Amino acid sequence: MEVLIFGGTAEGRILAEWLVRRGDRPTVCVATEYGAELMTPCPGLTVHAGRMEQGEMEGRMEARPFSCVIDATHPYAVAVTENIKRAAAAVGLPYYRLLRSSDGEDLCHKAEDMATAARMLHKLPGNVLLTTGSKELHQFAQPGLVERCYPRVLPTVESLERCLALGFPPAHVICMQGPFSRALNEAMLRQFHIRTLVTKDSGSYGGFREKADAAAACGCALLVVERPRREAGLDLERCKELLRRKQA
């Protein structure tokens, strides 16, 4: 069975590897070369790297006899999800949304978006560990705030250059690839005297629990940027079951 996965998340990688072990032929589309490097090379797996607009997605969907499209993109990538939905509808392919389970119900500060989180940080204490990625770091590059922030971003030249261009102190930029254990998170919080940890509601595969538990252990405030909307879809196990039925 040929399955087209738009991914980049841990769940998307796990699903692709599961399909390969079954003898299927998944194609995984990721936004960057770095995302492609995270995929484990194996026979039967095709990986396409590069951002696509709706028309390009349609062309990719029509390139092979795919049985369905699985949207395993990040829950915060709202515009990408809409493009995938429209492209699948345009070419007549079944579309399924692979959801990341939410785990952000801790007693913590919550912000509806990055700009709100940045405003809230002016009233929260001490040094700040930003674990929200590099895309919206500009929201935190404000006088009186940027000097307090320690952005943890992917170990790519693009991410590092963005941090430096925005004015984050070079000694504060942490370039590392997750997942991060609770112990490693705790070590970072203590090493940099962090008082507030900022995270997305990234669920279990995104390491939310390890961050929340580390913050609690170190006495840090936890600021969670909530998901942009509630979605309907399938978790990983239900998605596997659907694909089993499609092949039967």
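The legends below accompany close-up views of a predicted model.

**View 1. The whole chain, with its helices and strands.**
The chain is built from nine helices and 11 strands, and its C-alpha atoms fill a box of roughly 55 × 35 × 30 Å when this is taken along the principal axes. A compact globule of 248 residues would have a radius of gyration near 18 Å, and the value of 19 Å found for the chain agrees with that expectation. Buried residues make up 46% of the 248 residues.

**View 2. A salt bridge between strands E1 and E2.**
The side chains of Glu2 and Arg25 meet here in a salt bridge, with a distance of 3.4 Å from N to O. Because Glu2 lies in strand E1 (residues 2–6) and Arg25 in strand E2 (residues 25–30), the pair ties together parts that are 23 residues apart in sequence. Glu2 has a relative accessible area of 11% and is therefore buried, while Arg25, at 38% relative accessibility, counts as partly exposed. The two residues also belong to a network of salt bridges that links Glu2, Arg25 and Arg64. A search of the whole structure finds 10 salt bridges, and two others are presented in the next two views.

**View 3. A salt bridge within helix H4.**
Lys85 and Glu82 are joined by a salt bridge between their side chains, at 3.9 Å from N to O. Both residues lie in helix H4 (residues 78–91), where they are three residues apart, or about one turn of the helix. Lys85 is partly exposed at 35% relative accessibility, and Glu82 is likewise partly exposed, with a relative accessible area of 23%.

**View 4. A salt bridge within helix H7.**
Glu186 forms a salt bridge with Arg190, and the closest N and O atoms of this pair are 3.1 Å apart. Both residues lie in helix H7, four residues apart, which is again about one turn of the helix. Glu186 counts as buried because its relative accessible area of 14% falls under the 20% limit, whereas Arg190, with a relative accessible area of 48%, is partly exposed.

**View 5. The loop after helix H7.**
Phe192 and His193 are found in the loop between H7 and strand E10 (194–200). Phe192 is partly exposed, with a relative accessible area of 22%, and His193 is exposed, with a relative accessible area of 60%. The backbone of His193 deserves a careful look, since most residues other than glycine have a negative phi. Phi of His193, by contrast, is near 55°, a positive value. The C-alpha atoms of Phe192 and Ala36, which are 156 residues apart along the chain, are separated by 31 Å.

**View 6. A cis peptide bond before helix H7.**
Gly178 and Pro179 are joined by a cis peptide bond, with omega at about 5°. Pro179 is placed in the loop between strand E9 (174–175) and helix H7 (182–191).

**View 7. The loop between strands E7 and E8, and a patch of negative charge.**
Glu136 and Gln142 both have their place in the loop between strand E7 (127–130) and strand E8 (149–153). On the surface, Glu136 gathers with Glu112, Asp113 and Glu226 in a patch of negative charge. Glu136 counts as partly exposed at 34% relative accessibility, and Gln142 is also partly exposed, at 24%. The C-alpha atoms of Gln142 and Ala118 are separated by 8.5 Å, although these residues are 24 residues apart along the chain.

Methods
Residues are numbered from 1 along each chain as its sequence is written. This is a predicted model: local features need pLDDT of at least 70, side-chain atom pairs count only at pLDDT 80 or more; totals for chains, interfaces and linings use all residues. Side-chain values use heavy atoms; hydrogens and water are left out. Patches are made of residues with over 30% relative accessible area and no salt bridge: like charges are joined within 9 Å, nonpolar side chains (Val, Leu, Ile, Met, Phe, Trp, Tyr) within 5 Å. Accessible areas come from the Shrake-Rupley method with a 1.4 Å probe; for residues, only the protein chains shown count as cover. A salt bridge is a side-chain nitrogen of Lys or Arg within 4 Å of a carboxyl oxygen of Asp or Glu. Lys and Arg count as positive and Asp and Glu as negative; His and the chain ends are not counted. The place of a charge is taken as NZ of Lys, CZ of Arg, CG of Asp or CD of Glu. Helices (H or I, at least four residues) and strands (E, at least two) are DSSP runs, numbered from the N terminus. Buried means under 20% relative accessible area, exposed over 50%, partly exposed in between (1.4 Å probe, protein chains only). The radius of gyration is taken over C-alpha atoms; the globule rule is 2.2 Å times the number of residues to the power 0.38.
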